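Reader: I would like a close look at a single part of this protein, with the terms explained as you go.

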Amino acid sequence: MSQRHADRKDRPNTDRPDTLASRAAALALLSGVVRDGQAVDSRFGAVTATLDARDRAFVRHLVATTLRRLGQIDAVIKAFVSRTPPPPVMDVLRLGAAQILFLETAPHAAVDTAVGLVKRIRQPRLSGLVNAVLRKVAAQGPAMIADHYAARINTPKWLWDGWVKAYGEKTAARIAEAHLAEPPLDVTVKESSSRETLATQLEATVLPTGTLRRTTGGAVQDLPGFTDGAWWVQDVAAALPAQVLLQSLDGPEDRMVADLCAAPGGKTLQLSAAGCAVTAVDISDDRLTLVRDNLARMQLNAEVIAADILQWTPDDAFDAVLLDAPCSATGTLRRHPDLGHLKTRKDIDRFPALQRDLLERAVMFLKPGGVLVYSVCSLEPAEGSGVVSAVAENANLTIVPIDGKALGGDPSWQSDTGALRTLPCDLNAHGGMDGFYIACLRKAL
């Protein structure tokens, strides 16, 4: 789904008695991100609780689009104001401009609802300004954004500079361009034998790695096979760490495997479905609720433990460990565009020390000769190869080259050290993927 073509189900329900309800919810979420540093997902349920499914979908799409295109939106708005309006009014203008420029909302509808929203937030004296600015946005904005270097202008400088340093400007631009598109829905099937049938039922494409990708809309819980536990939502890149671990085992059946930092649980489901005896550990019992719910829906088993792995000790050593470590999550900006506006370079810099501690601890849970897969959904080398190289030698770990081709991956994903590195611009012809770093390590005998 492109930014300029929202699914019909994502359009607001204008039959509601309060036609401003969805815009008011979007305003609360947008302001929460840019003013208060609050993630969209942390407030979405509460803010949209009174809306119907279509309006909730519209709110999420509108806020995500506004955040993805915030650089362009602000540049257009600032061309038509002599000074920046008060924060809540500026955010109303941003939402209105996003609808006009990127969601193909009829200009008169976007203007009228923006004016109504300004009055609703008790700024009626500025309704004339909002009306005038958005009419100019509708008249002149499309030509202005056509001249923008969209990848650069919409990417926070600290992220852009880091990607240029790590990957070069050409690749940094491809990464940034991938973040501008609405991501498709990826699912992992429980039984590989049902993949083709489910692909037909879901109107999905089977990607080279086995993930099913659906590009049309619709509520996830209403799609064929969801209630029956035939599949779960999981980005194609997020499915790779468990596939790497399974590839490294000489038969997964009944192997004792730990999934550390396990929530939201997609990797636990993969390992359990393959026949492993899984122990899923996460520090957050609240986040583990989703893991338990998905295990029940999928009719799969795993021991689920709420614990800090820096303090926790298992009763027995494991044959294999998967550590999907806490990270900056800069590889997931396609799905979480608020992250670029919530984090700073200082936030990135604090993760490697924790990741090294977690990796060293995870090694202690392994049997001699056991396999450990380390992964992060980050684009920052310091959180990936930097952590592995700092720990591997002192922890008696050997890097095991990953056979990316056997996973259905592209040769470009493999690094010189044998690890996998995916970028948001990979699988671009199919709609991109999350950015991940994955390394496979073996403990000395």
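Which residue in E3 is the bridge partner of Asp186?

Author: The bridge partner of Asp186 in E3 is Arg213. Before going further, note that this is a predicted model, in which local features need pLDDT of at least 70 and side-chain atom pairs count only at pLDDT 80 or more, while totals for chains, interfaces and linings use all residues. Residues are numbered from 1 along each chain as its sequence is written, and side-chain values use heavy atoms, with hydrogens and water left out.

Asp186 belongs to strand E1, which spans residues 185–189; strands here (E, at least two residues) and helices (H or I, at least four) are DSSP runs, numbered from the N terminus. E1 pairs with strand E3 (residues 212–214) in the antiparallel sense over three bridges, and also with strand E4 (residues 231–233), again antiparallel and over three bridges, where pairing requires that DSSP find at least two bridges between two strands. On the E4 side, Val189 stands opposite Trp231.

In a regular strand the side chains alternate between the two faces of the sheet. In E1, Leu185, Val187 and Val189 lie on one side and Asp186 and Thr188 on the other, and both faces are covered. Five of the five residues of E1 are buried, meaning under 20% relative accessible area with a 1.4 Å probe and protein chains only.

As for the setting, 55% of the 445 residues of the protein count as buried, and its secondary structure comes to 18 helices and twelve strands.

How values were computed:
Buried < 20%, exposed > 50% of the residue type's maximum accessible area, 1.4 Å probe, protein only.
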